[in-house]
Amino acid sequence: MSMKLPFFRKKRTTNFERITLDNPPDHVAIIMDGNGRWAKKRGLPRIAGHKEGMDVVKNIVSVAIKYNVKVLTLYAFSTENWKRPKAEVEFLMKLPKEFLHVYLPEMIENNVRIETIGEFDVLPDYTREAVQYAKEQTSQNDGLLLNFALNYGSRLEIIRGIKQMMSDVDASKITLDDLDEQLFSNYLYTNGLSDPDLLIRTSGEQRLSNFLLWQLAYTEFWFTDVLWPDFNEEIFRQALLDYQQRKRRYGGI
Ligand code: IPE
Ligand code: IPE
Ligand code: MG
């Protein structure tokens, strides 16, 4: 019988095998795309692809820990995804709860901290409550930050940031002269997070679909035709190894 000792949680280290790369990306962002096509290929309903994709998330979290990634930002639901049929949206909104029901204990065990970016307050109660509970349960963890982009849209994020900034100008908390790139970054959902080093998109599409437009200014991009439910450790490893070979110049020489 195991006894829970939350007092010791912070000191617990994971049992994962660790692999040290020369130059690991600290922050990896992934556009998890292709669930619908994966299901269609198998004659299954689209939601079967989403369900399969959920288990891949869990596996990829383990791989991220293994390779010492510090932040993993996963695009789970965009502000544009509300356009989908009601039943699919409802299924997608139930997935976080399902994911956490199955995997939260393991996330806690592995010192993972769960956070979100996106419009959180307007999510259905069952989604918000489950995710909020997971955030609270993991808030003291200092291992991998698992950051779900949930009801996330980059243009909305920027507009929202501008509005908040302008209201801080009105309230004389800041002046227009204070405005620079760093200050503006503080008004985004990603406030306090380093920009992604590596962006992965599955399913062969080569577009951003309104993901992290500001934050990806100098990120390395990596695309694969593999559909998200087929994404696995070997492919993730390939992305990480390719990243090692990139020469990031940031405009310099
Ligand atoms: C990604 O898979 C999951 C979400 C966008 C929520 P899709 O559902 O977009 O799958 P495809 O692109 O239609 O194959
Ligand atoms: C982007 O995928 C959003 C997520 C992966 C959550 P979409 O499938 O919604 O993107 P488009 O519509 O192909 O651009
Ligand atoms: Mg898609």
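## Two ligand sites in a predicted model

Helix 1 gives the most to the shell around ligand 1, contributing three residues. The structure described here is a predicted model, and the account below takes its two ligands in turn before turning to one of the helices.

**Ligand 1.** Helix 1, which covers 35–41, and helix 2 each supply at least two residues of the shell around ligand 1. The residues around this ligand are Met 32, Asp 33, Gly 34, Asn 35, Gly 36, Arg 37, Arg 46, His 50, Ala 76, Asn 81, Arg 84 and Leu 92, and by class they comprise three nonpolar, five polar and four charged residues. Oxygen atoms of ligand 1 are approached both by the backbone, through a polar atom of Gly 34 at 3.3 Å, and by side chains, with a polar atom of Arg 37 at 2.7 Å and a polar atom of Arg 46 at 2.9 Å. On its own, ligand 1 has 370 Å² of accessible area, of which the protein covers 87%. The space that ligand 1 takes is the largest pocket.

**Ligand 2.** Around ligand 2 stand Ile 31, Met 32, Asp 33, Tyr 75, Ala 76, Phe 77, Asn 81, Arg 84, Arg 201, Arg 207 and Ser 209. Strand 2, made of residues 71–78, gives the most to this shell, with three residues, and the shell as a whole divides into five nonpolar, two polar and four charged residues. Three arginine side chains, those of Arg 84, Arg 201 and Arg 207, each place an N or O atom at the distance from a ligand 2 oxygen that is listed in the table.

| Side chain | Partner | Distance |
|---|---|---|
| Arg 84, N or O atom | ligand 2, oxygen atom | 3.2 Å |
| Arg 201, N or O atom | ligand 2, oxygen atom | 3.3 Å |
| Arg 207, polar atom | ligand 2, oxygen atom | 2.8 Å |

Taken alone, ligand 2 exposes 390 Å², and the protein buries 77% of that area. The space taken by ligand 2 is likewise the largest pocket. Met 32, Asp 33, Ala 76, Asn 81 and Arg 84 are among the residues listed around both ligand 1 and ligand 2.

**Helix 2.** Arg 46, whose side chain has a polar atom 2.9 Å from an oxygen atom of ligand 1, belongs to helix 2, which runs over residues 46–66. This helix has 21 residues and reaches 31 Å from its first C-alpha to its last, close to the 30 Å expected at 1.5 Å a residue. After helix 2 comes Asn 68, whose phi is positive, near 65 degrees.

Conventions:
Residues numbered from 1 in each chain as written. Chains lettered and ligands numbered in written order. Predicted model: local features only at pLDDT ≥ 70, side-chain atom pairs only at ≥ 80, totals over all residues. Heavy atoms only, no water. Helix = DSSP H or I, 4+ residues; strand = E, 2+ residues; numbered from the N terminus. Expected span 1.5 Å × (residues − 1). Near = heavy atom within 4 Å. Polar contact = N/O pair within 3.5 Å; in protein donor to acceptor, adjacent residues only side chain to side chain. Areas by Shrake-Rupley, 256 points an atom, 1.4 Å probe, with all protein chains shown as cover. 1 Å grid on protein atoms, 1.4 Å probe; cavity = no way out; pocket = protein on both sides within 12 Å on 5 of 7 lines; lining within 4 Å. Sits in = over half its atoms within 2 Å of the grid points. Nonpolar A, V, L, I, M, F, W, Y, C, P; charged D, E, K, R; others polar.
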